[in-house]
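Me: I am new to this structure and would love a close look at one part of it. Could you take me through the surroundings of the ligand, and then outward from there?

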Amino acid sequence: MIACASVTKREIRRHYDLATPFYRLLWGPHIHHGVWDADAPPLQAQRQLIDRLASEASISAGEDVLDVGCGMGGSSIELAKRYGCRVTGLTLSPVQRAWARTSAVWQGAARRTRFLCGDAENVVLPDASFNIVWNVECSEHLFDKPAFFRRAAAWLRPGGRVALCAWLAGDGTDSDGLAAAVCENFLCPSLGTAGEYRGWLEAAGLRMRTYEELTRQVERTWEICLNRVRRSRVGLIAPLTGRPMTRFLNHFTTLLNAYRTGAMRYGLFVAEKAAR
Ligand SMILES: C[S@@+](CC[C@H](N)C(=O)[O-])C[C@H]1O[C@@H](n2cnc3c(N)ncnc32)[C@H](O)[C@@H]1O
């Protein structure tokens, strides 16, 4: 595991409160990687990631989904509208909660979605109340990942699934410090390896169903973002929102190099709770 002791939860919340309009301008309604298997516009690639995870987790109509770290509600709204799920989105950021709720109303998904502002590491939700705990690129920001997966397992009904996409530390040593620089500049208290995630899910009593490494299929995300930042004026106005946003924009190349050198990977996991 690669860790960065200087990251604080306050900083993460503030980043998402301030940076959400930048994410929307730069990348669209989803704050996660796209998956490319051929040429596709970024929004389609982002939907391909959602569809890949939903398919691996066998999500079906009528299921209750908890979308942990729901951002602007991108996945929550897709799962409600295209998959017929009832979705509870949870975000640390009050700005994102309001944004997600408004988007759901605009997109006709208000009746099948609700959005909460809270911390996934201490929010109280009833046990056995969800079929799916969906977590797309939020676990990187969690301070105690094994404890989070124990909480997620308790929230699931028998037969329920954790559906997870995560930025991972590579298996070797981070000799160039690329993964450590990503932790610091993208506000990740730690990055686990694929093996560590598998161990945490199993220690929470879940059975691993799927692990796929998607690094090569997602890395184009950062080439496109880098181009967009260079071509647009986002870099000029970012300092207005403080240092973390500038650091974030300046480190897209670090992330790309981390993927290319194996210092980091990108993984998709599905783990299941026993059906009674
Ligand atoms: C990279 S964004 C991913 C957003 C969303 N899953 C998507 O794919 O569009 C990370 C999200 O995790 C949320 N987050 C970070 N730490 C959290 C915590 N402790 N509890 C709840 N949400 C958290 C942030 O507010 C943000 O919405």
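Reply: Here is a walk that begins at the ligand and moves on to helices and loops elsewhere in the chain. Please keep in mind that this is a predicted model.

Let's begin at the ligand. A shell of 23 residues surrounds the ligand, and the closest are His-32, Gly-69, Gly-71, Ala-120 and Cys-138. Three elements give two or more residues each to this shell: α1 (9–27), α3 (74–81) and β3 (86–91). By class, the shell divides into ten nonpolar residues, ten polar residues and three charged ones.

Two of these elements deserve a visit of their own, and α3 is a good place to start. This helix is mostly covered, with seven of its eight residues buried. The buried ones are Gly-74, Ser-75, Ser-76, Ile-77, Glu-78, Leu-79 and Ala-80. What lies over them? The cover includes the helices α2 and α4 and the strands β2, β3, β4 (113–117) and β5 (130–136). Notice that β3 turns up here and also among the elements that contribute to the ligand shell.

Now for α1, which has a helix partner. The axes of α1 and helix α4 (residues 94–106) come within 7 Å and cross at roughly 40 degrees. That angle is why α1 counts as oblique to α4. On the α1 side the meeting residues are Tyr-16, Asp-17 and Thr-20, while α4 brings Pro-94, Val-95, Gln-96 and Trp-99. Sorted by class, this contact holds four nonpolar, two polar and one charged residues. A helix makes one turn every 3.6 residues, so residues three or four places apart point the same way. With that in mind, look again at Tyr-16 and Thr-20 in α1, or at Val-95 and Trp-99 in α4.

For a second helix pair, go further along the chain to α9 (residues 220–231) and α12 (residues 252–261). Their axes are 10 Å apart, and the two helices pack at an angle of about 160 degrees. An angle over 145 degrees counts as roughly antiparallel, and therefore α9 is described as roughly antiparallel to α12. The crossing of this pair is left-handed. From α9 the contact draws on Trp-222, Glu-223, Cys-225, Leu-226 and Val-229, and from α12 on Phe-252, Thr-253, Leu-255 and Leu-256. By class, that makes seven nonpolar residues, one polar and one charged.

Finally, three loop residues are worth finding. Ser-60 sits in the loop between α2 (42–56) and β2 (64–68). Ser-60 counts as exposed because it has 12 C-beta neighbours inside 10 Å. Along the chain, Ser-60 and Cys-85 are 25 residues apart, yet their C-alpha atoms are separated by 7.1 Å.

Ala-128 belongs to the loop between β4 and β5, the two strands that help to cover α3. Its phi is positive, about 50 degrees, although Ala-128 is not a glycine. Ala-128 is exposed, because 12 other C-beta atoms lie within 10 Å.

Leu-187 also has a positive phi, near 60 degrees, and is a residue other than glycine. You will find Leu-187 in the loop between α6 (178–185) and β7 (190–191). Is Leu-187 buried or exposed? Leu-187 counts as buried, because there are 23 C-beta neighbours inside 10 Å.

Definitions and conventions: Residues numbered from 1 in each chain as written. Predicted model: local features only at pLDDT ≥ 70, side-chain atom pairs only at ≥ 80, totals over all residues. Near = placed C-beta within 6 Å. Helix = DSSP H or I, 4+ residues; strand = E, 2+ residues; numbered from the N terminus. Nonpolar A, V, L, I, M, F, W, Y, C, P; charged D, E, K, R; others polar. Axes fitted to C-alpha atoms, helices over the stretch in contact; angles between N-to-C directions. Parallel < 35°, antiparallel > 145°, perpendicular 65-115°, else oblique. Left-handed = near helix turned anticlockwise from the far one by under 90°. Contact = placed C-beta atoms within 7 Å. Buried ≥ 20, exposed ≤ 12 C-beta atoms within 10 Å, placed from the backbone.
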